[in-house]
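Morning, everyone. Please bring up the model on your screens, and I will walk you through it.

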Amino acid sequence: MPFMKITWLGHSCFCLESGGYRIVVDPYRMDSYPPLQTCANAVYCSHGHYDHNYTEAVTMLEEKPSPFTVEEIQTFHDDQGGALRGGNTMRAFCAEGLRVVHCGDLGHWPDEEQRAFLMGSDVLMLPVGGYYTIDAAEAEKIVDAVCPRTVLPMHYRFGEHGMDVLSEVTAFTELFPAEHVTRLDGNSVTVDKETPNGVILLQFKEKGE
């Protein structure tokens, strides 16, 4: 069965792998995380802040045809039309019959067009930590509205890692029945059409991948 491997590299940074092709989304430079070092065939950044656009952390691999198609839609980093923190790009990465959407630093309730973009997601990577983005309660409302099959929370405080002003992921997961939340031991998950519905929590690994 076709599948995609997704690895959480910390904060809002993920590696998506399909057919030997690697995409890294939102690489960071942050004092509260060990230096990020990874490799990819392509890198995408949702916006220009240092905790999402540190492409120097990614060693580029050889160019080759990508199995992914990429769609994007513009949003804002705040609830004042970008007046506080600027714009933000949400992207859908599609391969192996799967649609994986990374919301970047979404900072507001999405409008009708933006919600339509999120509909039909097999995986939704959603910020939940608040302060700079939507908070846990707002994230839960978005999940209710767009009904993704699987949710990967991001942009929250993970123990000593992450910004002090962010909430921990429990503020989000406690809004769901316990049976809808799966905590994995590693930082990777293999996603296919049989991956269970619900929230999946990955663990940050000091050495990444």
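**Cavity, pocket, sheet, cysteines**

Let's start inside. The structure holds 1 cavity of 30 Å³ or more. Keep in mind that this is a predicted model. The largest cavity has a volume of about 40 Å³.

Which residues line the largest cavity? Here they are: Trp8, Phe14, Leu152, Pro153, Tyr156, Ile200, Leu201 and Leu202. Two elements give two or more residues to that lining, strand E11 (150-154) and strand E14 (198-201). Now look at the classes. The lining of the largest cavity has 8 nonpolar residues, with no polar and no charged ones.

Next, the largest pocket. About 160 Å³ of space lies in there. Find Val143 on your screen, then Cys147, Pro148, Arg149 and Val151. Add Phe176 and His180. Finish with Asn197, Gly198 and Val199, and you have the lining of the largest pocket. By class, that lining divides into 6 nonpolar, 3 polar and 1 charged.

On to the sheet. How many strands form the open sheet, and in what order? There are 5 strands, and the order is E5-E3-E2-E1-E13. The pairing in this sheet is mixed. At the edges stand strand E5 (42-44) and strand E13 (188-191). Each has a single partner strand, so one side of each is left without a neighbour in the sheet. On average, neighbouring strands here are turned by 20° against each other, direction ignored.

Zoom in on one pair. Strand E1, residues 4-10, pairs with E13 over 4 bridges. The sense is antiparallel. For a landmark, take isoleucine 6, which stands opposite valine 189 in E13.

Stay on strand E1 for a moment, and find leucine 9 there. Is leucine 9 buried or exposed? Leucine 9 is buried, because its relative accessible area is 2%, and the cut-off for buried is under 20%. Now pick phenylalanine 172, which lies 163 residues from leucine 9 along the chain. Their C-alpha atoms are separated by 20 Å.

For a contrast, go to proline 65. Proline 65 is found in the loop between strand E6 (58-60) and strand E7 (69-76). Proline 65 has a relative accessible area of 73%, so proline 65 is exposed; exposed means over 50%. Tyrosine 21 is 44 residues away from proline 65 in sequence. In space, C-alpha to C-alpha, the two are 8.4 Å apart.

Last topic, the cysteines. How many disulfides does the count come to? The count comes to 0. A disulfide needs a pair of cysteine sulfur atoms within 2.5 Å.

Why is cysteine 45 without a bond? The closest cysteine sulfur, in cysteine 13, is 8.9 Å from the sulfur of cysteine 45, and that is too far for a bond. Cysteine 45 counts as partly exposed, because its relative accessibility is 22%.

Then there is cysteine 147, also in no disulfide. The nearest cysteine sulfur, that of cysteine 103, is 14 Å away from it. Cysteine 147 has 56% relative accessibility, so cysteine 147 counts as exposed. You have met this residue already, since Cys147 is one of the residues that line the largest pocket.

Note on methods. Residues are numbered from 1 along each chain as its sequence is written. This is a predicted model: local features need pLDDT of at least 70, side-chain atom pairs count only at pLDDT 80 or more; totals for chains, interfaces and linings use all residues. Side-chain values use heavy atoms; hydrogens and water are left out. On a 1 Å grid over the protein atoms alone, a cavity is a set of points where a 1.4 Å probe fits but cannot get out, and a pocket is an open set with protein on both sides within 12 Å along at least five of seven lines; lining residues have an atom within 4 Å of a point. Grid points are joined across faces, edges and corners, and a volume is the space filled by probe spheres set on the points. Ala, Val, Leu, Ile, Met, Phe, Trp, Tyr, Cys and Pro count as nonpolar, Asp, Glu, Lys and Arg as charged, and the others, Gly among them, as polar. Two strands pair if DSSP finds at least two bridges between them. Axes are lines fitted to C-alpha atoms, for helices over the stretch in contact, and angles run from 0 to 180 degrees between N-to-C directions. Buried means under 20% relative accessible area, exposed over 50%, partly exposed in between (1.4 Å probe, protein chains only).
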